[in-house]
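Pull up the model and let's walk through its interfaces together, one pair of parts at a time.

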Amino acid sequence: MAERRINNMEKIRTAVAQDLLSGRIDLLLGWEKGLYWWQSRPLFARNSEDLQRLTWDSFCVANLSGYLQEELKENKKIGILLKGCDSRALNRLVQDQMVDRERVVAYGLPCPGLLDPRLLKQEAGLELTALGIEEGEDRVTLTGTKGKSIAREELLLEKCRRCHHPDPVGCDQLLLPPVGSREDRSRFHQVTRLEEIPAEERFAYWSSQFERCLRCYACREACPCCSCRECFVEQEEPRWLGKAHENSENFIYHLTRAFHSAGRCVECGECQRVCPVELPLMELSSKIIKDINELYGEYQAGLDTEQDPPLLTYQPDDPAAFVE
Amino acid sequence: MTKYITSERLPELWARLADRGPLYLPVNEGTAVAFRAWEEGKEVNLEAVNSTVSPKEIFLPAWETYLKFERAGKKLALAPADANGLARPVTAFGLRPCDLRAIELLDLVFVEQDPPDELYTRRRKNTTIVALACSQPDPFCFCTAFGIEPTDAPGADVLAWKTGNRLFMEARTPRGEDWLEENSRLLQEAEGVEKPPPVESADFGLALEGLPENLKGRFEDPIWDQIYRSCLGCGICTYICPTCYCFDIQDYGHQEQGERFRCWDSCQFSHYTLTAGGNNPRPTRKERVRNRFLHKLQFYPERYEEFGCVGCGRCLRSCPVGIDMVSVIRALGGETVAR
Amino acid sequence: MPGSFLMPLVVTVKEIVTETPDTKTLRVVGEKGLPFEFQPGQCAMISLPPVGEAIFSITSSPTDREFMEFSIKEAGTVTRALHRITPGQQLGLRGPYGNSFPVESLRGKDLLFIGGGIGLAPLRSLINYCLEKRAEYGQIDIIYGARSPGDLIRKEEINRIWPSVPDTRVHLTVDAKFEGWEGHVGFVPSYLTELAFPPENRMAITCGPPVMIKFVLQALEELKFSPEQVITTLEMRMKCGVGKCGRCNIGSLYVCKDGPVFTRAQLDALPDEY
């Protein structure tokens, strides 16, 4: 398996090196290793030396599509590595006319789902520094323990456990064989659970969550849908949102953000993944997606760029019960 | 004076301390850990290294109101707000040595630099600090690079450490003595001389000597172009950091009455340095990231003769794109040991 | 008192002078006249709740004992609110903040003031201070420019009062030709070059928009003013005024506390980030 990974890495590097070194692209957005084996971080590669650091592993979690808007100001053409979720973000940005698709070369990386270091630590009962992993087809072996082996599905990041489309869509090329769609996974089980509890309890739940918000706006900055040049948060005249870290203000921030990305959220889960205090932010977007599906029929943003987004179209027979 | 309490009696201690005044200590909040005022039902976590958000918020709350205003016609009346929690004695329990050191760095700004900040200073004076020695550093810890001893906290009133089932507490100041004395009903005398068990902490091979001096001519170094590039421009690093202290001042209310508060602010935000006239001396993420790291590694040493970082490792753990103090120091060449 | 240095005094606006379409001067008084003592070049934080606080340089001279003046250009939310008030309005005021112009070391020297637009506001405090103590200072030249004649502030002083003081000259300029304007036309830095004051025993003091300051510093260098002979005052976004809230740093200095007045020599030792 380790061998297959190395082969994969060479395949990826060769493919992108060709384009970067020939000048077809000026910049490659990918990942490199961070401080530890369970951390990978964004890489901005411009030459073959940079490419030596390129990594594709189970920790390449950052969605790179958010960098495109800024980087396209300085670069003519950009190559970007995209997982399934990331590719939908690119498609969404293109559909919003925020990114010129002609200036992007999208390399798709079918994704087996990324691993959650916290779960690895929990399963091993060891500090991650004393641990390693070997990845098989569907199982992960924890080295450093007595060879404990666990189903990969059990070790996935929360955002990957609900992913239906691990294969990138709309890319210029797929660099690895497709892994197949995963519609067997449950996207809405958490939302359904929340919907079932009484409104008062639900309010108490969200209050206790939002109360912990630091207002660092990492959810917004990491979100590929939050592409406004100036967010309502910063607007001063009128000032929509106060700076007090008061819970009513926190509510306004999170709910406004969720509604503003309604119909555009591609379910990449970056909002929740980056949150330093681990607020369950995906449930807000999931709830809106679920409602849109129920009202206007199934729609998954960024999947099919030809399909009209339901919130951007009007049909005379659109259900309107919620305004009556 | 050294005393101890066994783990199962800790809830009694919390209840007693909280009776005396606010008791801040690390509690679980989902999978995050934060310093909160104790109340029945809170799940205390004395194992976490380090809390997700630093305990600076005990002394510099995320937001606090300090004045109330009333307007009637052209008249304006201003009055100081009730200083919440400033009157009663506070206990801050379980600060790790790095976090306590960070508070001492904040003291340089808020207490020692004239004029003293009264909100901060009063909290600081009212608070007995019980530091907790580390028994198991986290992979992200690098306090030793800044000369911090993970099992010692020179600035604490009381130093606590765990050995097996016992939590030992040694008074370090007269206030610490009084504090132990007040709680002696729940504590037992330690037999013999007890010391925190030694631990090792990583320092990532950082070599910091001469770094501030070295950085002086490197404001325009092309390395900053690489360092900042993946930065999202969020405020995580600044809000979880124990030594970041920037704040904003804002009004809240309507035409007739309201209040003025200060709240945390972040040098990573685009509007932080934007003037009303539209001039922004730090217009992009590059200038903002550079300012944050130079503040810790050059400007703080220049102004206060101390590094503005304590190696708590929070940015190493929480930056979503892996821009952290260790990576940046390495990029700037502050490293002797080959990786 | 909790937060005492953040606690403003209540002051009353006694008079409002409309200087230009976008600039007004507020005259404020405390309970006993001048709200507090200060030095030329220092700043104060004005607030009008619930709109908030903003920092302004004090434009009157400390030798004015009756009131304190602030010339305020409409730019953001606070200034917009301050432009809508009428005399009698009470405001919050705290200060003074920052260092000040080195009035002692300027003594006996010829002074060259170079101001642009609203940048005259902090200079005016020092100009009036020096004119009040006229015998202590040498020749005084004031170069002042704005986009248009209508944008020049303190018209009474620049046109009539200052030029009538012995050994004091005012050199006005506007950016472009305007009907009825018979004075100099051109940007401040080029007018400075044209006038070519010799640097001997002269100090230059400048304030204006950042881009003007940049070119003025260049022009002074060409005129052979040494970095120690050039003084400027900087503008940054500020909140606390006492070097704690963090945002107005240039390197390890805080403009609100260590500035706003810097010599060119001091600026040269700082990162270029202002």
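Start where chain B meets chain A: 41 residues of chain B and 37 residues of chain A are in contact. Keep in mind as you look around that this is a predicted model. Putting these two chains together buries about 3300 Å², and carbon and sulfur atoms give 59% of that. On the chain B side, the residues that lose the most area to chain A are W63(B), P139(B) and R229(B), which together make up 18% of what that side buries.

What about charge pairing across this boundary? There are four salt bridges between chain B and chain A. For a concrete case, find D265(B) and K243(A), whose side chains meet in a salt bridge at 3.1 Å, N to O. Polar contacts also cross the boundary, with 16 residue pairs counted between chain B and chain A.

Now see which pieces of secondary structure chain B brings along. At least two residues each come from β3 (32-37), α7 (236-240), β11 (247-253), β12 (257-264) and α10 (325-331) of chain B. Of the elements in chain B, β11(B) gives the most to the side touching chain A, namely four residues. Sorted by class, this side of chain B holds 23 nonpolar residues, along with nine polar and nine charged ones.

Chain B has another partner, so swing the view round to chain C. Here 50 residues of chain C touch 54 residues of chain B. The size of an interface is often quoted as the accessible area lost when the parts come together. For chain C and chain B, the buried area is about 4300 Å², with 55% of it from carbon and sulfur atoms.

How many salt bridges link chain C and chain B? The count is six. In one salt bridge between these chains, the side chain of R282(B) meets that of E273(C) at 3.1 Å, N to O. The polar contacts across the interface of chain C and chain B come to 31 residue pairs.

On the chain C side, the elements that each supply at least two residues to the surface touching chain B are β1, β3 (43-48), β4 (52-57), β6 (90-97) and β14 (253-254). The largest share comes from β6(C), with four residues. By class, the side of chain C that touches chain B splits into 24 nonpolar, 15 polar and eleven charged residues.

While you're on chain C, look inside the chain itself. The domain assignment divides chain C into domain 1 (4-97) and domain 2 (103-233). Measuring from C-alpha centre to C-alpha centre, these two domains of chain C lie 24 Å apart. Their contact takes 22 residues from domain 1 of chain C and 18 residues from domain 2 of chain C. Between them they bury about 1400 Å², 51% of it on carbon and sulfur atoms.

Three salt bridges run between domain 1 and domain 2 of chain C. The side chains of R154(C) and E19(C) form a salt bridge at 3.4 Å, N to O. There are also eight residue pairs in polar contact between these domains of chain C. Which elements give two or more residues to the domain 1 side of this contact in chain C? They are β1 (9-20), β2 (23-29) and β5 (68-73) of chain C. Among the elements on that side, β5(C) gives the most, with four residues. The domain 1 side divides into six nonpolar, eleven polar and five charged residues.

Finish with chain A, where the assignment gives domain 1 (2-113 + 165-174), domain 2 (117-153) and domain 3 (189-323). Taken over C-alpha atoms, the centres of domain 1 and domain 2 of chain A are separated by 27 Å. Nine residues of domain 1 of chain A contact ten residues of domain 2 of chain A. The area buried between these two domains of chain A is about 830 Å², and carbon and sulfur atoms give 57% of it.

Across the interface of domain 1 and domain 2 of chain A there are zero salt bridges, but six residue pairs are in polar contact. The domain 1 side of this contact in chain A has five nonpolar, two polar and two charged residues.

How values were computed. Residues numbered from 1 in each chain as written. Chains lettered and ligands numbered in written order. Predicted model: local features only at pLDDT ≥ 70, side-chain atom pairs only at ≥ 80, totals over all residues. Heavy atoms only, no water. Domains from an automatic or database assignment. Contact = heavy atoms within 4.5 Å. Buried area = accessible area lost by both parts, 1.4 Å probe. Polar contact = N/O pair within 3.5 Å; in protein donor to acceptor, adjacent residues only side chain to side chain. Nonpolar A, V, L, I, M, F, W, Y, C, P; charged D, E, K, R; others polar.
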